[in-house]
Amino acid sequence: MEHPETEDLERKKKKEEKAKEKEMKKLKALQKAEAAKLQAQKTSNAPKKNERKTSKRDAEEERPEDYVDPVTPPGEKKRLSHQMAKQYSPSEVEKSWYAWWEKSGFFVADSKSSKSPFVIVLPPPNVTGALHIGHGLTSAVEDTIIRWRRMSGFNVLWVPGVDHAGIATQVVVEKKIMREKKLTRHDIGREGFVSEVWKWKNQYGGTILNQLRRLGASLDWSRECFTMDEKRSKAVTEAFVRLHNEGLIYRDHRLVNWDCILRTAISDIEVDYKDIKERTLLKVPGYENPVEFGVLTSFAYPLEGGFGEIVVATTRVETMLGDTAIAIHPEDERYRALHGKFAVHPFGGRKLPIICDGILVDPTFGTGAVKITPAHDPNDFEVGKRHNLEFINIFTDNGKINSNGGQFEGMPRFKAREAVIQALKDKMLYREAQNNEMRLGFCSRSNDVVEPMIKPQWFVNCNGMAKEALDAVMNDENRKIEIIPKQYTAEWKRWLENIRDWCISRQLWWGHRIPAWYVTLEDDQLKEFGVYNDHWVVGRNDEEAKLEANRMFSGKKFQMAQDPDVLDTWFSSGLFPLTVLGWPDDTEDLRAFYPTSVLETGHDILFFWVARMVMLGMKLGGDVPFSKVYLHPMIRDAHGRKMSKSLGNVVDPLEVINGIQLEGLHKRLEEGNLDPKELVVAKEGQLKDFPNGIPECGADALRFALISYTAQSDKINLDIQRVVGYRQWCNKLWNAIRFAMTKLGTDYVPPTRLVIESMPFCCKWILSVLNKAISKTVSSLESYEFSDAASAVYSWWQFQLCDVFIEVIKPYFAGADPSFESARSAARDALWICLDNGLRLLHPFMPFVTEELWQRLPQPQGNSSKESIMICEYPSFVKEWSNERIEDEMDVVEHVVRSLRSLLSELPPNERHARRPAFVLCRTDAIAEIIQSHDLEISTLASLSSMKVLGENDAVPAGCAVSIVNENLSVYLPLQGAVSAEAELEKLNKKREEIQKQKDKLTQQMNASGYEKVPARIREDNMAKLNKLMQELEIVEEASRNVVDA
């Protein structure tokens, strides 16, 4: 009898085979449908009777199935169609490649490799998250760096991971169990709730990582980790214990940001601020009616002994229930008589000392008297410590008034606000309320108004670590970390010079349980949990904690209970560069790959994450965690607005990649949690920005657009039309390869070496400018100027290869002219070299389309060919290709062509495409020689029927339109009645005015007093410019006379 486990495996295997068979059938059906679609297109586009018979014959010989990619089994190398499709399709191109790359192990780093390591740790996205456009930017930038470094010969490691996202995940799962079971987490208990979270994580937690695959992110999935997996949890505990043992982690009563809905402390980054200009009503969770903010309420405290009153003002009048003093400025003469006196609290009669504090009090603001609530205000907290005041907490964890609030006990805080004002009025102590500009903090998770509260929490003493982290960036003599862009160095300095101790405990159930136990001694007078601050022990587990308790409380009987709180998510995230490599164990990965190379992230978490990684990395890992920090911009919509669900301007990268109709965008909004009014506004926003939805753009176009935008170092205003433009550009690349395949032929063998000297002019030129593009791209990537790198690649492909070279070599292939045989052969070789280098140069930016096109190129014979473009060498500078003289000559050719095209564009539309003769007037022999020798290139690019070179003494034919290239060169196009003489004269007059204006401005500058002090080089340049302008004026005058004479 077979073992049950074997039976399960057999069933699983059969199930997988069945699923695979189903998938293959589906793929074959799709292939058949695509072939039918192409056949239908062919039929609808059938050649007309008057077209050439050869076209008919070609069309009849075409087989639609030849243009459809065969079915590729999952994980196998993509099977390409016999013929290239006539148009680029992102969805067709981008399928299958990623699964093959991953299965082939191309992403996996080798800790034993002798190659230099290059390491990036992916900023771990929240386990709750779906891919958003910020993740898209992170992935695009990091994958560009990673693919470039991998192709450049480094042992590349890019580590993927997911963050457990304490508050965010707990909120999501709490909502889920409330929606599905109508239960709170307290109803099901801690153990049951944590179990529910793990279930949710296992079901949905991998979504975002699979979406990263769709973007082409070449992450080493064999090293994927989760901040709460076993290894990372062990590391977090170890870090806590070590820091505590060094005295850097301690427990204290401090002021924290408190969320009354979530009932936990929250970090500063989880607080969103809203600027309020005046009295404003806002909806607050848990309150039926809106709550009033933006009001400064003044009231009086009676002085002890009935000697008058002192007036104070506050925007949070309910906090007066916790007031323990009134502060005045020591030099304020109005209150000199009150030094050392007391006021009396109107509710309960508590005596409030009147204290002098020159740090807090501004005598010119308000009444010059300030109420002090040490337990509920950061500034007052410091005053309380300076003056040894009583700290009275007046709120329960859920934001109600506690027993310290006397008659107001049990009231929600904002209900108490109204009740306190009324009670002050009843006692004749209320004075006035006036508009007051203020900043109000809200929890980004619950939207609750944040309440400063004194709580016993665990803190990290950051002073020493912060100084080391500051020096790592700011020490010019021993700088260990470079921040890019440099402007954020000042922010780094500001944060770390003013650092406060870090509150690392959270009152949640989902997260790393704090490895601290409270010891209750049998003879303790107070038995309340946590009441004695010196009764805490810390250990890696309860056995270790018990040993420590026995050591501390030797001979005493006690009970132990673990702290119910969990650690701040940023604590485990701050350890990430260490823990993903196996710390605290001495692993091969840790030895090979720590410190990592670059940290790439958004500038908004420079302090919250980056600084903490540096502090913890230096403290626990013995070195900085990375040597460079690249901070990318924040993405806004096309109008510069922050992306917000309520505005309807949130862009989902997958919707850009796959395309989506307007109805689909609306549906996504409807499935969210917007209220009806917000939904209307959001839909209107979508209708305005995406009236026709978003067309399918593909991952390559989205990546390239995002990379191109990085020049905007602070904010990116993302216009989807720019992404659409790059998708169209992919079609241009596609067609360039299609053209090349027809010219190379099926039996073409790439050259092992090039004989540059014997190549035609255009081939020498394209190789020289390719060399420059390679140099510019590599130097830009090295300096983290990604936009410049993308621009260099794009410009070469678009403006030099496609617009010039491919056009200029077409005459070589137009017929079988034997005189072009050598040029044809050289052009094939140059074309192949360009496409091979150009695709490898572009690959890190656009991985999918470059792989597909490169796979179609003929490969060199022998062992030098690689299986994939992503493991090929990145192009490098080839000294023999550079030729400045050739580039200068082509520059002249291009200027002439542009001038001729400009003249042609001014002709009536029906005459612009007819080939015409042209004349080129050269005023120097050197220019004449260049133009004469490049007749073929100019005539081809400008679509001329003929071109005649004229010398300075030759007469220009009458009745020509003229364009001045420069002072030595003009081009002429016979009008042939196409354009009136009046129109040409008007154009020349405008040109004359333009030149005259420049000449007058320069003359005025040269005649100004003190001009003789201008450096000689600048004066020489100005004189040359003046002579050039005067020559151009003469050319315009001569051209005008020719038009008149005609």
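The dialogue below reads several features of a predicted model.

Trainee: Where should I begin, and how many helices and strands are there in the protein?

Mentor: Begin with the overall content. This is a predicted model, and the protein has 32 helices and 33 strands. Its C-alpha trace spans about 110 × 100 × 60 Å along the principal axes.

Trainee: What share of the residues is buried?

Mentor: Of the 1046 residues in the protein, 51% are buried. Look at contacts along with burial. Among the contacts with a separation of 6 or more, 75% are accounted for by residues 24 or more positions apart.

Trainee: How do I read a nonpolar core, and which residues touch the most other members of the largest one?

Mentor: The general idea is that nonpolar side chains tend to be buried together in soluble globular proteins. Here the largest nonpolar core has 164 residues, and those touching the most other members are Leu 718, Trp 797, Phe 805, Ile 809, Phe 845 and Ile 931. Helix H23 (residues 720-744) supplies the largest share of this core, with 13 residues. Another core, of 66 residues, lies apart from it and includes Ala 235, Leu 470, Val 580 and Leu 581.

Trainee: What does Leu 718 touch?

Mentor: Leaving out residues up to four places away in sequence, Leu 718 touches Ile 133, Ile 635, Arg 636, Asp 637, Ala 638, Met 643, Leu 706, Tyr 709 and Val 723.

Trainee: Now the helix pairs. What describes two packed helices?

Mentor: The angle between their axes and the distance between the axes describe two packed helices. Take helix H25 (residues 786-808) and helix H26 (residues 821-842): they pack at about 160°, with axes 11 Å apart. An angle over 145 degrees counts as roughly antiparallel, so H25 and H26 are roughly antiparallel to each other. The crossing of H25 past H26 is left-handed.

Trainee: Which residues of H25 and H26 meet?

Mentor: From H25 come Val 793, Trp 796, Trp 797, Leu 801, Phe 805 and Ile 806. They meet Ala 827, Ala 830, Leu 831, Cys 834, Leu 835, Gly 838, Leu 839, Leu 841 and Leu 842 of H26. Sorted by class, this contact of H25 with H26 has 14 nonpolar residues, one polar and no charged. Trp 797 and Phe 805 also appear among the residues that touch the most other members of the largest core.

Trainee: And how are helix H12 and helix H18 placed?

Mentor: Helix H12 (residues 463-474) and helix H18 (residues 606-621) have axes that come within 9 Å and cross at roughly 105°. Angles of 65 to 115 degrees count as roughly perpendicular, so that is the description for H12 and H18. Met 465, Ala 466, Glu 468, Ala 469 and Ala 472 in H12 meet Val 614, Met 615, Met 618 and Lys 619 in H18. The contact of H12 with H18 has seven nonpolar residues, no polar ones and two charged.

Trainee: Is helix H27 enclosed or exposed?

Mentor: Count its buried residues. In helix H27 (residues 847-856) ten of the ten residues are buried, so the helix is largely enclosed by the rest of the structure. Glu 851, Glu 852 and Arg 856 are among these buried residues, as are Phe 848 and Trp 854.

Trainee: Next the backbone. Where are the cis peptide bonds that involve Pro 584 and Pro 595?

Mentor: Read omega for each bond. Trp 583 and Pro 584 are joined by a cis peptide bond with omega of about 15°, and Pro 584 sits in the loop between helix H16 (576-579) and helix H17 (588-593). The bond from Tyr 594 to Pro 595 is cis too, with omega near 0°. Pro 595 belongs to the loop between H17 and strand E26 (596-602).

Trainee: What is phi of Ala 165, and what is phi of Asn 447?

Mentor: Ala 165 is not a glycine, yet its phi is positive, about 50°. The residue lies in the loop between strand E3 (161-162) and helix H6 (166-181). Ala 165 counts as buried because its relative accessibility is 5%, and buried means under 20%. Asn 447 also has a positive phi, near 65°, in the loop between strand E17 (438-443) and strand E18 (451-460). With 45% relative accessibility, Asn 447 is partly exposed.

Definitions and conventions: Residues numbered from 1 in each chain as written. Predicted model: local features only at pLDDT ≥ 70, side-chain atom pairs only at ≥ 80, totals over all residues. Heavy atoms only, no water. Core = buried A, V, L, I, M, F, W, Y, C linked by side-chain atoms within 4.5 Å. Buried < 20%, exposed > 50% of the residue type's maximum accessible area, 1.4 Å probe, protein only. Helix = DSSP H or I, 4+ residues; strand = E, 2+ residues; numbered from the N terminus. Contact = heavy atoms within 4.5 Å. Axes fitted to C-alpha atoms, helices over the stretch in contact; angles between N-to-C directions. Parallel < 35°, antiparallel > 145°, perpendicular 65-115°, else oblique. Left-handed = near helix turned anticlockwise from the far one by under 90°. Nonpolar A, V, L, I, M, F, W, Y, C, P; charged D, E, K, R; others polar.
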